[in-house]
Amino acid sequence: MANRLSVIATRTGDDGTTGLGDGSRIPKDAPRVAALGDVDELNSVIGLLLTETLPEDVAADLLAIQHDLFDMGAELCIPGHVAVTQEQVAQLDARLAHYNAALPPLREFILPGGSRPAAVAHMARTVARRAERAVVALAGAESVNPPVRQYLNRVSDLMFVLARHINKAVSQPDTFWTSGHSRSG
C-alpha cells in the first residue's frame with residue numbers, strides 16, 4: 001500500500017474518463033462511477049457522524065460499516081469482483097434488531113433532526129438511499145452482486161433507527177410530522 005497512492009494528481013481524468021481497478025477506463029458519468037461516488041459520499045457522511053459524541057456501540061458499528069463500504073467501493077471499482085456478502089447484510093439486520101428493540105414503536109412520521117448527531121445520521125440515511133438507487137441503475141445495465149444493493153438498503157434503515165437511538169440517548173425527543181391540515185392556529 002505504501003506506493004499505491006504516491007501520485008494523487010495524475011491528470012489522466014482530464015478527458016472525462018476515470019480508471020477502474022481492472023485497468024479499464026470509463027466515462028465519469030457512467031452508472032458505475034455514479035454508484036462509486038454515492039458510496040464514497042455515504043462513507044464520508046458516516047465519517048462526519050463519527051466526529052460526534054456517540055455511544056460506544058454506535059461508533060463501533062459505524063466504523064465497521066465504513067470498512068464494509070470501502071469493500072463495496074472496491075467491488076464496484078472492479079467489474080466482476082465480489083467483496084460484499086450476505087453475512088455482512090445479516091450483521092446489519094442483527095444491529096437493526098438490537099437498536100430497534102429499545103425504541104418505542106413509531107405511530108407517526110418523524111422529521112429528520114433532533115440532536116446534531118441524529119441529524120447527521122438522517123443525512124447518512126438519505127445518501128444511503130441515493131447510493132442504493134445508483135446501484136439499482138447500474139444493475140439495469142450490468143451485473144451487480146445482490147448483497148451490494150441489500151447492504152445499502154439496510155444501512156439506510158439502520159441510519160434511521162440510529163437517529164432515533166441517538167436522540168433517545170441524549171434525551172432529545174423525535175419531532176413528529178404533522179400535516180398542514182391538522183395544525184391548529
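Let's start with Ile-166. Ile-166 sits in helix α5. This is a predicted model, so please hear every value as computed from that prediction. Is Ile-166 buried or exposed? Ile-166 is buried, at 1% relative accessibility. The cut-off for buried is under 20%.

What does Ile-166 touch, once residues up to four places away in sequence are set aside? The list is Leu-54, Val-58, Ser-115, Pro-117 and Ala-118. Take Val-58 from that list. Val-58 and Ile-166 are 108 residues apart along the chain, yet their C-alpha atoms are separated by 8.6 Å. Val-58 falls in α2, which covers 56–77. Ala-118 falls in α4, which runs 116–139.

Keep Ala-118 in view. Ala-118 also gives us a pair with Pro-31. Those two are 87 residues apart in sequence, and their C-alpha atoms are separated by 30 Å. Pro-31 belongs to helix α1. Pro-31 is partly exposed, with a relative accessible area of 37%.

Now the whole chain. How many helices and strands does the chain have? Five helices and four strands. In sequence order the pattern reads β-β-α-α-α-β-α-α-β. The C-alpha atoms fill a box of roughly 60 × 40 × 30 Å along the principal axes. There are 185 residues, and 38% of them count as buried.

Next, contacts. Look at those with a separation of 6 or more. Within that set, residues 24 or more positions apart account for 72%. Ile-166 and Val-58 are one example of a contact between residues far apart in sequence, 108 residues in their case.

On to the core. In soluble globular proteins, nonpolar side chains tend to be buried together. Here, the largest nonpolar core has 40 residues. Which residues have the most contacts inside it? They are Leu-42, Ile-65, Leu-69, Met-72, Tyr-151 and Met-159. Where does this core come from? Helices α1, α2, α3, α4 and α5 each supply at least two of its residues.

Pick out Tyr-151. Leave aside its neighbours within four places in sequence. Tyr-151 then contacts Ile-65, Asp-68, Leu-69 and Met-72. It also contacts Val-84, Gln-88, Val-89 and Leu-92. So Tyr-151 meets three of the other residues named for their core contacts, and those are Ile-65, Leu-69 and Met-72.

A polar residue next. Asn-43 is in helix α1. Buried or exposed? Asn-43 is buried, with a relative accessible area of 10%. Beyond residues up to four places away, Asn-43 touches Gln-66, Leu-69 and Phe-70. Leu-69 is on the Tyr-151 list as well.

Now the aromatics. A search of the whole structure finds one aromatic pair. That pair is Phe-109 with Trp-177. The geometry is edge-to-face. The rings are 6.0 Å apart, centre to centre, with 75° between the planes. Where do the partners sit? Phe-109 is in the loop between α3 and β3, and Trp-177 is in the segment after β4. They are 68 residues apart, and the pair links distant parts of the chain.

How accessible are they? Phe-109 is exposed, with a relative accessible area of 62%. Trp-177 counts as partly exposed, at 43%.

Stay with Trp-177. Outside its neighbours within four places, Trp-177 is in contact with Glu-108, Phe-109, Ile-110 and Leu-111. Trp-177 and Ile-110 are 67 residues apart in sequence. In space they are 5.3 Å apart, C-alpha to C-alpha.

One backbone point. Ser-171 has a positive phi of about 60°, although Ser-171 is not a glycine. Ser-171 is found in the loop between α5 and β4. Ser-171 counts as exposed, at 66% relative accessibility.

Last, the surface. The chain exposes about 10,400 Å². Carbon and sulfur atoms supply 56% of that. As for charge, there are 17 positive and 21 negative side chains. The centres of the two sets lie 5 Å apart.

To close, two places to look at on screen. One is Ile-166 in α5, buried at 1%. The other is Trp-177 after β4, paired edge-to-face with Phe-109.

Technical notes:
Residues numbered from 1 in each chain as written. Predicted model: local features only at pLDDT ≥ 70, side-chain atom pairs only at ≥ 80, totals over all residues. Heavy atoms only, no water. Buried < 20%, exposed > 50% of the residue type's maximum accessible area, 1.4 Å probe, protein only. Contact = heavy atoms within 4.5 Å. Areas by Shrake-Rupley, 256 points an atom, 1.4 Å probe, with all protein chains shown as cover. Lys, Arg positive; Asp, Glu negative; His and termini not counted. Charge placed at Lys NZ, Arg CZ, Asp CG, Glu CD. Phe/Tyr/Trp six-rings, centres within 6.5 Å; stacked < 30°, edge-to-face > 60°. Core = buried A, V, L, I, M, F, W, Y, C linked by side-chain atoms within 4.5 Å.
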